Amino acid sequence: MTTRWTAVRVLRDRTAGRCLAAVVVSGFGTSALWLASGVWVKDLTGSDGLAALCMLAMWAPTLAGPLLGTLADRHRRRPLLVALSLFMAVLLLTLCAVDGPEELWLLYAVLFVYGAVGTVHDAAESALVAGAVDRSLLGDFNGLRMMANEGMKLLAPLAGAGLYTAYGGPGVAVLDAASFLAAALVYLSLRVREERPAPAREGGRSATAEGVRHLWGDAGLRPLVLAGGVTMLCAGVSGALTYAVVEDLGHSPAYAGVLYAVQGAGSVTVGLLSGPALRRLGARRFAAYGISLLAVAVALRAVPYDPAAWACAAAVGVGLPAALIAVLTGVQQRTPGPLLGRVTATAGTLVHTPNVIGLAAGAVLVELLGHRAQLVALGVVLGVTAAVLLGQSPASADRTAARSASDASPA
């Protein structure tokens, strides 16, 4: 009952409800384009490598998260979100000119800009929500946001594949452009009061470093973000082993879709429960319990038994988002508004970059070590990560934070 009513409170909040609506519509178009862009390049060139570059083009700008996040702190967030959405709606329409391999440079350029704009967009949205939504509802909002994103990942690729089959890549680009236009209209409808940001006292590099210093100097955020990074590294390696797990179960590669669907159901569950759990446990313990569940689930993926595989997929769907929700909520709650854009983007870079590294490492290691030994080892690493996070008492973190603050600002 509590979970249902807190979710209703979020949806009834004008700003939170409309931000969720913007996440749903823009996320639908993004998920559709992610699938279609690789298929598009594969059809035009026949090259798997060139198709894989689509993902790299969209992901690469997140490495500049600390710098890009600074832009979200230099402008009022609502007008910035409107401008970014309208810009992407127009830019995506240029993909209608891609008709052969000779125009692929345009597709890659648009995808690269897409990734950069997405980094600024996510930072600005997080800061806008943190300033406009009741702090007690931030965990609920982030849980529902995660649930909406996971839902789009299940539905949008199917719609994108169908649209691509009927109208080709330009059809999917127009769909994504329409989703950004709809998101811009939603942001325009928000009624939030934002103060004009104070003029920057420092240059771009110093302003970026200020966000990094805050993140690293906060003894509550630092272990949370580091644990998130280790978790995503292990999740990347584990994800690369999915098809080896499916083969060990005696199924065709298409069976991976069943496991992803079960994992998505787990993500929906934690999205509904995250708000009450965060209020009861706090971000540190909520993340640690989620990572502990993930540790058990990853290790047991080595068992070649269908019911075990389903249970593990559901547990991964609960444990992994729990860690990510805890990191984002912790950043929003412990960061001053003027720094929130760059700190959010920096945390995103530190947490999500290891996932890509893990995917690449897993693809190499599965040929050398086999998947069962890797899964057990990953479970051990995740278990140690959870234990370290649980072992840090809130009191010691606060003492360390106070000492760091006094060292940074001597009398």
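This report walks through the salt bridges and one nonpolar surface patch of the structure above.

Keep in mind that this is a predicted model. It holds 8 salt bridges, and three of them are set out here, with the closest nitrogen-to-oxygen distance for each.

| Acidic residue | Basic residue | N to O distance |
|---|---|---|
| Asp122 | Arg145 | 3.7 Å |
| Asp140 | Arg279 | 2.5 Å |
| Asp218 | Arg334 | 2.9 Å |

**Asp122 and Arg145**

Let's start with the pair at 3.7 Å, aspartate 122 and arginine 145. Aspartate 122 belongs to helix α6 (residues 104-132) and arginine 145 to helix α7 (residues 138-188), so this contact ties together parts of the chain that are 23 residues apart in sequence. The acid has a relative accessibility of 40%, which makes it partly exposed. Arginine 145, on the other hand, is buried, at 16%; the cut-off for buried is under 20%.

**Asp140 and Arg279**

Helix α7 turns up again in the next bridge, where aspartate 140 meets arginine 279 at 2.5 Å. Aspartate 140 sits in α7 and arginine 279 in helix α11 (residues 256-300), so the parts being tied together are 139 residues apart in sequence. Here the acid is the buried partner, with a relative accessible area of 3%, while arginine 279 comes out as partly exposed at 39%.

**Asp218 and Arg334**

What about a bridge with one end in a loop? Arginine 334 and aspartate 218 have their closest N and O atoms 2.9 Å apart. Arginine 334 is part of helix α12 (residues 306-334), whereas aspartate 218 is in the loop between α8 (204-217) and α9 (221-240); the pair links distant parts of the chain, 116 residues apart. Arginine 334 is partly exposed, with 36% relative accessibility, and aspartate 218 is buried at 10%.

**A shared network**

Some bridges don't stand alone: Asp73, Arg77, Glu210 and Arg342 are joined into one network by salt bridges that share partners.

**The nonpolar patch**

Now for something without charges. Which residues form a nonpolar patch on the surface? They are Leu86, Leu181, Leu185 and Leu188, and together they have about 350 Å² of accessible area. Helix α7 supplies the largest share of this patch, with 3 residues. Leucine 185 is found in that helix. Its relative accessible area is 53%, so leucine 185 counts as exposed, given that the cut-off is over 50%.

Notes
Residues numbered from 1 in each chain as written. Predicted model: local features only at pLDDT ≥ 70, side-chain atom pairs only at ≥ 80, totals over all residues. Heavy atoms only, no water. Salt bridge = Lys/Arg side-chain N within 4 Å of Asp/Glu carboxyl O. Helix = DSSP H or I, 4+ residues; strand = E, 2+ residues; numbered from the N terminus. Buried < 20%, exposed > 50% of the residue type's maximum accessible area, 1.4 Å probe, protein only. Patch = residues over 30% accessible without salt bridge, like charges linked within 9 Å, V, L, I, M, F, W, Y side chains within 5 Å. Areas by Shrake-Rupley, 256 points an atom, 1.4 Å probe, with all protein chains shown as cover.
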